[in-house]
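Got a minute to go through a model with me? I'd like to trade some questions and answers on it.

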Amino acid sequence: MVNQGVEDFLKSPITKVVGLTLFAFSFFYLGQHWSDGNQQLVFFNNQQQSDKRLTPSISISPNANKTISSEPPPSHPSKPPPVIAEKFGVIDENGVMAEDFEVGDFDPDLVDKFRNLNMSIVKPDDVSAAAVEIDKFSLCSEDMREYIPCLDNVEELKKLDSTVRGEKFERHCPGKGSGLDCLIPPPKDYKTPIPWPRSRDEVWFSNVPHSRLVDDKGGQNWIERDNDKFKFPGGGTQFIHGADKYLDQIAQMVPEIAFGNHTRVVLDVGCGVASFGAFLLSRNVTTLSIAPKDVHENQIQFALERGVPAMVAAFATRRLLYPSQAFELIHCSRCRINWTCDDGIYLLEVNRMLRGGGYFVWAAQPVYKHEIPLQEQWKEMEDLTTRLCWELVKKEGYVAIWRKPSNNSCYTGRDAGTQPPLCDLSDDPDNVWYVDMKACISRLPNNAYGANVTTWPSRLNNIPDRLQSIKLDSQISRRELYKAENGYWTNIVTSYIHVYHWEKKPFRNVMDMRAGFGGYAAALINLEMDYWIMNVVPVSGPNTLPVIYDRGLIGVMHDWCEPFDTYPRTYDLLNANRLLSTEQKRCNVSTIMLEMDRILRPGGTAYILDSVNVMDEIQVVAKAIGWHTNPRDTSEGPHANWKLLICEKSL
């Protein structure tokens, strides 16, 4: 009877329903927690299938208002790493890409391919523990307000064997473990910078409280003090009547220079307060103004406070951190450089950076004064430039203008033994990170790459020839990757502008910390944002700087495990795309973020787009620095492999 009762109970409908429910629940539990693959089993999904193209939208993260946990974050499913091809595109039997390889119209699907290549998740074995606790960073001492770590390293400077060639103005960075570990304080009474374009002509005295340039250069129309402001009349040592008239003179002397058309990217050496570059901006020319941190140590600080592209750099023993054939015009107005010393090594460095067919403009006393010592300097300059195959196209008043050849025919046609010699064929003129200057002539590519860029503004979006010479591995061709990066950043930047109302933000000095081909900068220009952008190419990746300059943009090579050569408080907006997860294998995340804080203006913003594997650590460091953080999901949604963190530095 008992067995019969049990059998009847097991056959009852209620028992079957309960059993089926338990079975389903058990299967669901096992699927969620014991799946042996990377992807958990999913039973319900109320998300609509998204369009393949990247949607320019950003949503608030569900974790936005939660406190960061000290426990390790749950592991995230990761996609298998892409297969890295040693060659790419269409290649010939020798493994070289065919010159006539063509790609059709832009395929929006390439944006997804680019995103997947660029944002591939870091393997768990390579990720440092996210459960990190960092005490709040303290303020540095008051005497570090203008501190540039690699240029103000007193201990290393004391060890120099020689300083005759300006070695003390070059990079000498703190050793491992002795880098910046505090927050650079602003000057007393620091104010929100005057917005561009008004900042071209005036800045707050309290933001750069140094009067030495006023005392030294007041009579040369550089700079003057007016109560609580510095004002910039636009003059210079050789153009005290104003930069605009001086630029008109140059344009009339050599009409082929064609500012804003043929000439787009300029280098101003020994720039003073950068009025030459400031006034070229209105002519659609981007000028990178450089000067050493010498006795007039705040020149570059004034330039950046004005909102003019600038960085600290010196002609000394090493190559400057810019590629070959970068600038259409290089300018020196009383820049205090002896161009003919040491076998002309400094002018040979100018020659390396000057684009084939580009111009060198020299405004200095030897051009126009007749004292015997100055005339001897002029003859030495004439002799050296002739041996460099430069053509003196015009000499008028106190200005002389030379043109560099656009190919190697003159170089190879010189008499045997003519000095300086051509550089070895093995020399890479784009190799610049801690590379010594060389007293030789950098060869031009035989295929005229670099010398035949189109005019502005078409060159911004055209595919440069030198793209073909970039050394990188990719699953898709360079041209496809280039187009995909442009599409990717156009979508992202459009989203940033509309969602975060950038038109209301006083951004002017912008840095892309991992610039690739310059797609981020190109998107900002195409969307008519009135910013200038410093494109930084990390040494840990492929050297894409030649492409950036061929597009009509400016940039620099840099290692983010070391400090950048700029003053504190000089950038309004930092873009860090997949930078921290890439560099964390080489240096600490906190090292890079402290440097970001040093160069970021109070009130400035950093947009950090990176892997979820490092985002918890990034947020912990940002909190220790004192940034206000706003975590956001990308358009891929809350379960994507990367997140956006918007960090604002308090004023």
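What follows is a short round of questions about the whole chain, two helix pairs and one proline.

This is a predicted model, where local features need pLDDT of at least 70, side-chain atom pairs count only at pLDDT 80 or more, and totals for chains, interfaces and linings use all residues. Residues are numbered from 1 along each chain as its sequence is written, and side-chain values use heavy atoms, with hydrogens and water left out.

Me: What share of the chain's residues count as buried?
Reply: Buried here means under 20% relative accessible area, taken with a 1.4 Å probe and protein chains only. The chain has 651 residues, and the share that counts as buried is 52%.

Me: How many helices and strands are in the chain?
Reply: Both are DSSP runs numbered from the N terminus: H or I over at least four residues for helices, E over at least two for strands. On that basis the chain has 18 helices and 18 strands.

Me: Are α13 and α14 parallel or oblique to each other?
Reply: α13 (residues 478-500) and α14 (residues 519-526) pack with axes 8 Å apart, at an angle of about 55°. Angles under 35 degrees count as roughly parallel, over 145 as roughly antiparallel, 65 to 115 as roughly perpendicular, and the rest as oblique. So α13 and α14 are oblique.

Me: How do the residues of the contact of α13 with α14 divide into nonpolar, polar and charged?
Reply: Contact means heavy atoms within 4.5 Å. E485, N486, W489, T490 and V493 in α13 meet G519, Y520, A523 and L524 in α14. Ala, Val, Leu, Ile, Met, Phe, Trp, Tyr, Cys and Pro count as nonpolar, Asp, Glu, Lys and Arg as charged, and the others, Gly among them, as polar. The split is 5 nonpolar, 3 polar and 1 charged.

Me: How do the residues of the contact of α17 with α18 divide?
Reply: From α17 come V589, S590, M593, L594 and D597, which meet E617, I618, V621, A622 and I625 in α18. That contact divides into 7 nonpolar, 1 polar and 2 charged.

Me: What does P174 count as, given its relative accessibility?
Reply: P174 sits in the loop between α4 (154-158) and β2 (202-204). Partly exposed is the range between buried and exposed, with exposed being over 50%. At 21% relative accessibility, P174 therefore counts as partly exposed.

Me: How far apart are the C-alpha atoms of P174 and C150?
Reply: Beyond its neighbours within four places in sequence, P174 is in contact with Y147, P149, C150, N153 and G179. C150 is 24 residues from P174 along the chain, and their C-alpha atoms are separated by 6.6 Å.

Key
Axes fitted to C-alpha atoms, helices over the stretch in contact; angles between N-to-C directions.
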